[in-house]
Amino acid sequence: MPIELNVEKELGITKEDIGVKITVDEYNQKCRETVMRFKDLWDDITRKMGYWVDLNDPYITFENNYIESVWWLLNQLYHKGLLYKGYTIQPYSPAAGTGLSSHELNLPGCYREVSDLSMVAQFKAKRNDHSAFLHDKVEQGEVYFLAWTTTPWTLPSNTALAVGGHIEYVRVFTFNPYTKLPVNLILAKDLLGAWFKPEAAEASFEEWTPDNKLIPYRVTAEYRGAALEGVEYEQLMPYVQPEEGDAFKVLVGDFVSTEDGTGIVHIAPSFGADDMRVAKKYGIGALTLVDRQGKFVDEVTDFAGRYVKDYKSEGKEFQNVDIDIVVKLKKENKAFSSEKYVHNYPHCWRTDKPVLYYPLDSWFVRASAFKDRMFELNQTINWKPASTGEGRFGKWLENLQDWNLSRSRFWGIPLPIWRTKDGVYENCIESVEELRQEIEKANAKLGLKQIVPADLHRPYIDEVVLVAENGEPMYRELDLIDVWFDSGAMPYAQWHYPFENKEKFDHSFPADFIAEGVDQTRGWFYTLHAIATMVFDSVAFKNVVSNGLVLDAKGDKMSKSKGNVVDPFETISKYGADATRWYLISNSPPWDNLRFDKAGIEEVRRKFFGTLYNTYSFFALYANLDKFEYREAEIPLEKRPEIDRWIISELNTLVKQVGADFADYEPTSAVRRIEHFVDAHLSNWYVRLCRRRFWKGEYSDDKIAAYQTLYTCLNTVAKLMAPVAPFFADWLYRNLNEVAKKESNESVHLADFSVANEKAIDKALEQRMEYAQDISSLVLSLRKRENIRVRQPLQKILLPVLDPGFKAQIEAVKELILAEVNIKNIEYLEDTAGFLKKKIKANFKTLGKRLGKDMKAAADHIAAMSQERINALEKSGRYELPINGTSYELSLEDFEIAAEDIPGWLVASDGVLTVALDITLNPELEAEGMARELVNRIQNIRKSKDFNVTDRIEVALTRHPQVESAVLQYGDYIKSETLANSIAFAEEVDGEEVELTEGVGVRIGVVRA
């Protein structure tokens, strides 16, 4: 359908012009060309986004092989009695010129809030013996039935009224608000207040004049709905009489309610399923006075040729025919009320135009017969998220209707059913070979010279005539099949199953995994599932990711009219496919709606890809200097330094977790773990702490171990990130592997996905290194809070002991912590009482829902906890909270604990960890801090002069007491760090003026030695 609509737009024609202004053959050829034009565009973006599909040999739904497999599937349904033809009311799109299936009507966005003109029409009851009781004691005016409608355009096609058999109705004497004529109106008693003001019941008829806005009324009789059955009324708009059946009678319908309207339903059998059902029950005829283009037929003389909805995109120029119908009925004393009515109305998913419910002679799939089995099989599918499978999809299956298969179009797969003109004989063809055989039979019996068309599309297939058992000719049913059936047939038709590739099909079916937008829940997801269930009694897919919508940065749905659509070609061109892909996956789980913000891609490119690129660049720089090519024997893990063993342990833990995440279809969790590893562990901890190992001159086992470790991390990260960032991952992998030649794969995508080495995982080591990272982070945050430079050494930190093994764990990483945060010593507090004072409060995020009405009392109880109880909680990690006779089991995450600062110390906490930092400075510490600042400035000057990392230098400084003290005490340290042969002071120095600390500035001269 989208291809057809695009072609019609390009050619400036409508569906009705096909076969008149352009032949069906020419039209379908244009459709074929358009498909291939769009294919080229999709191929281009597919390559650029790194989407791995076979573009050289794709399945194409318009090829004969694909069509033949679809025919085979339809034949299976036919012989199971699941295909039938019926004349029913179906959703129909005049703009597209075809009927729609129920699942198409339930796609997201199809129902839209619109403002229509509603009206209450007066249907005049005929005077006869059957209606005598309605006219009893009527002194003035005629008796009318009031029926409410939101579609006045259906009133010319009215042929009956429906009441509820058990509903109480009243007869009301009043005056018509438009003509001011006396009228007797019948409506539901429960809805009297909706149309008449209570004060009007007390108003005087004698004093009323047509100028009065308050029109008096009186209830003059009451009836049970069943008593109204069979009463005749005059045709409201007598343009045409039904050719068959009875008409213009009151019927009893089980769908009539008193929720809104008047309790009486206007029946137009051609435009409503309930209408047609009740009309058939009573033998009532139909009037279809609107054609398939959505406009009135010529017989409706007042409105002939007028469209009932804006199908020509006239916008403000569109003349609403409902308004003119209402005006006409008002003048004729046939309208009681008219007003705007806001409601949800279905629209065509392809044209965005309103749908009509229209009588169609269509072929259906009896899907409702298999709804229980579809529901059972759906229970075995792993839905991501589960709520979509259980809710949106599961509820849809529970209320499943038969599938309208017919499409009144020209471009698509033809329905392979041939019938005699009287419909007595029919044949559903399952293959080209069967068609060939049936053609031969027809040629022999009918004296024809037909052959199987080279192209199975219209118009060629329409020209094929087959023969029935009794010798009568059979002609193809002209309908095409629903394009959604094409898509649901993909698992079979892509392999031309069952005619070939049976082994490939058996290997690939059912699919392990599929993914599409949430709008496909009742589209592709459903058609795949329905066909697989009905034909194979199987699921079509084992796992499904139901993607959410991509919204704009404000959370609004993207649309061209709003101008907030993001161009994927432009985005990928500017930011690259990998950064775009990584942003989309890392930002939120695929099934959540995503607020798309290009600033987010920039951040991903900088924080993740930039960090990883810099880490690789660091490795490559020094590996090339040392000519490291991974030719040396693998240094056993147990002989490598602890920090190597730690990062390898973390790496294998990462491999294990990422593998589990991908296996569970949780890509967001997987990529976030990779991000955290690269940033927190690899770059900002391992590489930073190991820089000296790469810098130092001797090519020792320690340096080789560092290279081997970092190489392994980078190579493994390349493999882990490859599914989400295919281009960068391949670049990184090949850069590493083309030199080291550790693996024989030409690409990371040809390598096996990494598997964790359980023996390399050391959880105790990971825990103590995590302690080291967290303690360092707390200390650095305290330094930042008080503006204490990291290069300024401090004396010590105090750590409260958490558990018996805590002290030993910290001692194992003590030197690392001291070096990282520039502290001289760590001391331990076995008992914090009297030293650290802690504050505690409830964590409302975790406790709010659990405690409900007890939350306030719990918050007060927690805030009043003693220091002893807080300490006990931190050690045990558990707390039993008694509130209002209920005992709640709480854990540490249910509390927010913080330590207060004490004189001379800064205190910070993170979870169970607390750090107290001694901020007292002495002259020796200040001198060392100054020395470190000097090292930093000299190194910066080396870089600015573009010295090689191995160049020796001479340093000259202008005099300053604090600087001289620092050089006197730490001169050797400064020289070793900067590769300086000498440091000299002079009154005048040819160099760069720098500030070391606030108020301390010197001029530094650096030259090669």
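1. Helices here are DSSP runs of at least four residues and strands are DSSP runs of at least two, numbered from the N terminus. With that in mind, in this predicted model Asn787 can be placed in the loop between helix H23 (763–785) and strand E25 (794–800). The phi angle of Asn787 is near 55°, a positive value in a residue other than glycine. Because exposed means over 50% relative accessible area, Asn787, at 71% relative accessibility, counts as exposed.

2. Tyr630 makes a useful companion to that residue. The phi of Tyr630 is near 60°, again a positive value in a residue other than glycine, and Tyr630 sits in the loop between helix H18 (598–625) and helix H19 (642–663). Is Tyr630 buried or exposed? Tyr630 has a relative accessible area of 6% and is therefore buried, since the cut-off for that word is under 20%.

3. For the chain as a whole, the secondary structure amounts to 30 helices and 36 strands. The radius of gyration of the chain is 41 Å, whereas a compact globule of 1009 residues would have one near 30 Å. Taken along the principal axes, the box filled by the C-alpha atoms is roughly 125 × 85 × 60 Å.

4. On burial and contacts, 52% of the 1009 residues count as buried, and the chain exposes about 47,500 Å², of which carbon and sulfur atoms supply 49%. If one takes the contacts between residues at least 6 apart in sequence, 73% of them join residues at least 24 apart. The chain carries 123 positive and 155 negative charges, and the mean positions of these two groups are 2 Å apart.

5. Gly412 is a residue to look at by eye, in the loop between strand E15 (406–407) and strand E16 (417–419). Gly412 is buried, with a relative accessible area of 15%. Which residues is Gly412 in contact with, leaving aside its neighbours within four places in sequence? They are His457 and Leu480. Thr154, by comparison, is 258 residues from Gly412 in sequence and 32 Å from Gly412 in space, C-alpha to C-alpha.

6. Two cis peptide bonds deserve a check in the viewer. One joins Lys384 and Pro385, with omega of about 5°, and Pro385 lies in the loop between strand E13 (382–384) and helix H10 (386–398). Another joins Arg458 and Pro459, with omega of about 5°, and Pro459 lies in the loop between helix H11 (432–446) and strand E18 (465–467).

7. An open sheet of four strands can be followed in the order E2-E1-E12-E14, with antiparallel pairing. Its edge strands are E2 (98–99) and E14 (403–404), each of which pairs on one side only. Strand E1 (residues 83–93) meets E2 in the antiparallel sense over two bridges, and the bridge partner of Ser93 in E2 is Thr98. When tracing such strands, it helps to recall that in a regular strand the side chains alternate between the two faces of the sheet.

8. Finally, strand E28 (residues 878–883) and strand E29 (residues 886–891) run antiparallel and are joined by six bridges. One pairing to locate is that of Tyr879, whose bridge partner in E29 is Leu890. E28 and E29 form a hairpin with two residues between them, and in the turn Asn884 has a positive phi of about 50°.

Technical notes:
Residues numbered from 1 in each chain as written. Predicted model: local features only at pLDDT ≥ 70, side-chain atom pairs only at ≥ 80, totals over all residues. Heavy atoms only, no water. Buried < 20%, exposed > 50% of the residue type's maximum accessible area, 1.4 Å probe, protein only. Contact = heavy atoms within 4.5 Å. Rg over C-alpha atoms; globule rule 2.2 N^0.38 Å. Areas by Shrake-Rupley, 256 points an atom, 1.4 Å probe, with all protein chains shown as cover. Lys, Arg positive; Asp, Glu negative; His and termini not counted. Charge placed at Lys NZ, Arg CZ, Asp CG, Glu CD. Pairing = 2+ DSSP bridges.
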